[in-house]
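Trainee: I have a model open and some questions about its contacts, core and pocket. Can we go through them one by one?
Mentor: Yes, go ahead.

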Amino acid sequence: MYNVTRVVHFTEAADAIARDEYVNNARHAILAVGVKRLLIAPTLPGVINGGDLIVHLQLTDTASWRNRADDIDSALSQPIADRVDGVEYYPGLGGRGPGQHSSRLYRALLLRVESGTPDSVVQRFERDLLRMPEHISSITAWQLSRVDAALGRQRWTHVFEQEFTDHGAVTGQYLDHPIHWSVVDRWFDPECTDIIVRDRVCHTFCELDDLVIPDR
């Protein structure tokens, strides 16, 4: 399954009526061209550079996306969209906790690893990210993928997706957990010599109407 995620940033003038109209128009346009899975939902309080709307698509393969990309991105380019960030990718390593099929929140972290970083270092970074679900009980499913193509101001290289039990879990247990600030943060911290993610990340999340990350 090929995945596409778009993060829409609305203009300051976009009111609730205009946003609802945007979502309805985008949903109808995307469903009309056909996708296997569509999640389209407003972001929740606490996102960082996370925009106003998450649009997540799953399609059969790259060719299916290429055949629909222009129509879908055109549907998202309505006047109230100030800018759109995005990534396109095949799913990487991931998993789901035993019996965890009642997730209520979807989170995506878009990031760019500094160009020229040795692959051995990138692999250590990826292993550290994938250690987090072992320690954070509110992560019910996870998936770390390398990006094929990026859209927006940053040339994103990775997308780290998770499903959580609820909103409080991602703003509380996840961000405050020692595995986060003592192991993973060193890759992002400008005061640490291990830093390889220097650009501002896109930390965004929304309510979940159905599971996004597949069982393995």
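Trainee: Leaving out residues up to four places away in sequence, which residues does M1 touch?
Mentor: Contact means heavy atoms within 4.5 Å. This is a predicted model, where local features need pLDDT of at least 70 and side-chain atom pairs pLDDT 80 or more, while totals for chains, interfaces and linings use all residues. Residues are numbered from 1 along each chain as its sequence is written, and side-chain values use heavy atoms, with hydrogens and water left out. On that basis, M1 touches K36, Q58, L59, T60, Y90 and P91.

Trainee: How far apart in space are M1 and Y90, C-alpha to C-alpha?
Mentor: M1 sits in the segment before β1; strands are DSSP runs of E, at least two residues, and helices runs of H or I, at least four, numbered from the N terminus. In sequence, M1 and Y90 are 89 residues apart. Their C-alpha distance is 6.7 Å.

Trainee: Y2 and Y90 form a ring pair. Is the pair stacked or edge-to-face?
Mentor: Rings of Phe, Tyr and Trp (its six-membered ring) pair if their centres lie within 6.5 Å; planes under 30 degrees apart are stacked, over 60 edge-to-face, the rest tilted. The centres of the Y2 and Y90 rings are 4.6 Å apart. Their planes stand at 70 degrees, so the pair is edge-to-face.

Trainee: Which parts does the pair tie together?
Mentor: The two parts are 88 residues apart in sequence. Y2 lies in strand β1 (residues 2–10) and Y90 in a loop, so the pair ties β1 to the loop between β4 (81–89) and β5 (93–96).

Trainee: Is Y2 buried or exposed?
Mentor: Buried means under 20% relative accessible area, exposed over 50%, and partly exposed in between (1.4 Å probe, protein chains only). Y90 has 37%, so Y90 counts as partly exposed. Y2 has 0%, so Y2 is buried.

Trainee: What is the phi of N49?
Mentor: N49 lies in the loop between β2 (37–42) and β3 (53–59). N49 is buried, with a relative accessible area of 16%. N49 is not a glycine, yet its phi is positive, at about 55 degrees.

Trainee: Which element gives the largest share of the largest nonpolar core?
Mentor: A nonpolar core is a set of buried Ala, Val, Leu, Ile, Met, Phe, Trp, Tyr and Cys residues joined through side-chain atoms within 4.5 Å. This one has 28 residues, and F125, M132 and F160 touch the most other members. At least two residues each come from β6, α3 (119–135), β7 (139–146), β9 (158–164), α4 and α5. The largest share, 6 residues, comes from α3.

Trainee: Which residues join F125 in a cluster of ring pairs?
Mentor: Beyond four places in sequence, F125 is in contact with L111, V113, W187, F188, I196 and V197. Ring pairs link F125 into a cluster with W187 and F188.

Trainee: Which residues lie nearest the centre of the largest pocket?
Mentor: On a 1 Å grid over the protein atoms alone, a pocket is an open set of points where a 1.4 Å probe fits, with protein on both sides within 12 Å along at least five of seven lines; lining residues have an atom within 4 Å of a point. The lining has 14 residues. Nearest the centre are R107, L109, H180, F188 and V201.

Trainee: Which elements give two or more residues to that lining?
Mentor: One is a strand, β6 (105–111). The full set is β6, α4 (167–176) and α5 (178–184).
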